[in-house]
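Grab a pencil and work through a few short exercises on the structure below. Try each task yourself before you read its solution.

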Amino acid sequence: MTDNPTGARDAGYDDFLDAVETGEPYYLACPEGHGWLPPRTVCPDCGSADLSEESLPGAGEVETYTVAHVAAPSFADDAPYVTAITRFGPVRVTGLLRGVAPDDVERGLAVELAVGASETTGRRLLALDPR
Amino acid sequence: MTGVRVAGVGLTEFGESPERTGRELFGTAADRAFGDAGVPRDDVESLRYGNFMGELSERQGHQGPLMAETAGVRAPATRYESACASSAAALRSAVRDVRHGEEDVVLVGGAERMTNLGTAGATEALAIAADELWEVRAGMTFPGAYALMAQAYFAAYGGDREDLAAIAVKNHEHALDNELAQYQRSITVDDVLDAPPVAEPLGLYDSCPISDGASALVLVSEEYAAEHGVDAPVAVTGSGQGGDGMALQDREHLARTPAADEAAAAAYDDAGVGPDDVDFAEVHDCFTIAEALALESLDLYEVGEAIGAARRGETTRDGDLPVNLSGGLKAKGHPVGATGVSQVAEATQLLRGDHVNSDAVADAEVGVAHNAGGTVASCIVHILEVAA
């Protein structure tokens, strides 16, 4: 399936969500040790095309977050919601944080990846659940 | 290489004018710039034009030639798109070509029409400057992105909502007499703190408005100015650009803007001046936190120090380093494609002494303009100086 409104399949992104659903999320690593989420054909830091798929750690933690009150139309029914940037080992992941009251979110909160859906559009999205 | 002079500046009022088209807005700005410059339209060798969301707001691409016609200029015309740094990108390309003798007279500007989209539509349109896969699909908006940076800044360096509020209050004060500004009214720290939340910790008054407007400059080479007796006392002496990863999550720093560091260092080096020489700055304060990030990248403050600058009174019109004497994006308004050139237009007027706030920087010789695209994945900095 694809979640791209243009009809194209976003290979890296859709594959990543599929991998989260099957419990086997991964990241791309270059020989220099830089880690990235897909899609990448080269490492943006060092230009290496020698990228390997590595298992993403199961646990991450919140580095920064915001409670969004004013949403774009595609998230109108979701607001207010929490967007967080989290650290999973060598990569950061941005996602919609679920299952925590906005007032209870704090930096360092332990989370794991999940696949959710926008309440507004029903489209799949990358979610974060407390671990 | 030759020097580059600003012969004329032209701005429309920034604000809500959904009934005015982009071409009408830019036509007005260009007409004012030609009137200010006293340079004939026939001498223009190119138009460099910044615009970000024309396809969404006006169903109009290929705006370069359209805007050349609007401005009454028969010359090659190109649109530059670099999100909210679109017209600074247009300016940078013009500066480099004039310097190298490719052209002597260039019309540079930008326009954006946004309010006809409504708040929701404009929020969605602005979001396309973020990474569609890894940010927008997770619900990130632009206020949300800057809120993430603000939280990261507070955690790394300290600061609080009252520090941010002081930035908004200051910029509103600066816009009081700027008749082209969207807001010409004072606000208080309490107004900012009590405003409805947009993306915590940012509220409505931490955010720049959605705006319509246009800006234009007539740039000329030093030789052209001399030969034609053009009164153009302000020179663009430095230009620098920096870049960073598109998505915040891929950046080395969440509380710093390395693309702006790079742009500022390049611009200072290009001009042969340093941060200590700067008399005032016009910076990209799309959200209050952005002003603090900009001042640190411009090396006008140490990292972690700029958050309190407005609260301490250092960047107010009476302070040692006035910042955003135009009112900034916060109070002047932010029609995104017009913003970069509007900053340079305001800086030029401040240096010429014909800006409404020129008395705050009466002896100023060096001004800096900082224009950021997206969450500062792009940044362009220009240095303006009174020519010797």
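The exercises that follow treat a predicted model, going from a whole chain down to single residues and a small sheet.

**Exercise 1. Work out whether the radius of gyration of chain B agrees with that of a compact globule.**

Solution. Start with the expected value: for 388 residues, a compact globule would come out near 21 Å. Now take the chain itself: chain B has 19 Å, so the two agree. Next, look at the box: along the principal axes, the C-alpha atoms of chain B fill roughly 55 × 45 × 40 Å. Then check burial: 65% of the 388 residues in chain B are buried. Finally, turn to the contacts: take those in chain B between residues at least 6 apart in sequence, and 77% of them join residues at least 24 apart.

**Exercise 2. Describe the surface and the charges of chain B.**

Solution. First the area: chain B exposes about 12700 Å², and 43% of that comes from carbon and sulfur atoms. Then count charges: there are 25 positive and 64 negative side chains in chain B. Last, locate the two sets: their centres lie 6 Å apart.

**Exercise 3. Find what the buried residues of helix 3 of chain B pack against.**

Solution. Step one is to place the helix among the 13 helices and 11 strands of chain B; helix 3 covers residues 63-71. Step two is to list its buried residues: Gln63(B), Gly64(B), Leu66(B), Met67(B), Ala68(B) and Ala71(B). Step three is to see what they pack against: helix 1 (22-37), helix 2 (54-57), strand 2 (46-50), strand 3 (77-80) and strand 4 (105-112), each in chain B. To finish, step past the end of helix 3: Gly72(B) follows, with a positive phi near 75°.

**Exercise 4. Decide: is Ser87(B) buried or exposed?**

Solution. Begin with its place, which is in helix 4 (residues 86-99) of chain B. Buried means under 20% relative accessible area; Ser87(B) has 0%, so it is buried. Now skip its neighbours within four places in sequence and see what Ser87(B) touches: its contacts include Gly50(B), Val108(B), Gly109(B) and Gly110(B), along with Gly337(B) and Thr339(B).

**Exercise 5. Which strands stand at the edges of the chain A sheet?**

Solution. Write down the order: this open sheet of 3 strands in chain A reads 2-1-3, with antiparallel pairing. Strand 2 (35-36) and strand 3 (52-55) each have a single partner strand, so they stand at the edges, with one side lacking a neighbour in the sheet. Now zoom in on one pair: strand 1 (residues 26-29) and strand 3 of chain A run antiparallel, joined by 4 bridges. Here Tyr27(A) stands opposite Glu54(A) of strand 3.

Conventions:
Residues numbered from 1 in each chain as written. Chains lettered and ligands numbered in written order. Predicted model: local features only at pLDDT ≥ 70, side-chain atom pairs only at ≥ 80, totals over all residues. Heavy atoms only, no water. Buried < 20%, exposed > 50% of the residue type's maximum accessible area, 1.4 Å probe, protein only. Helix = DSSP H or I, 4+ residues; strand = E, 2+ residues; numbered from the N terminus. Contact = heavy atoms within 4.5 Å. Rg over C-alpha atoms; globule rule 2.2 N^0.38 Å. Areas by Shrake-Rupley, 256 points an atom, 1.4 Å probe, with all protein chains shown as cover. Lys, Arg positive; Asp, Glu negative; His and termini not counted. Charge placed at Lys NZ, Arg CZ, Asp CG, Glu CD. Pairing = 2+ DSSP bridges.
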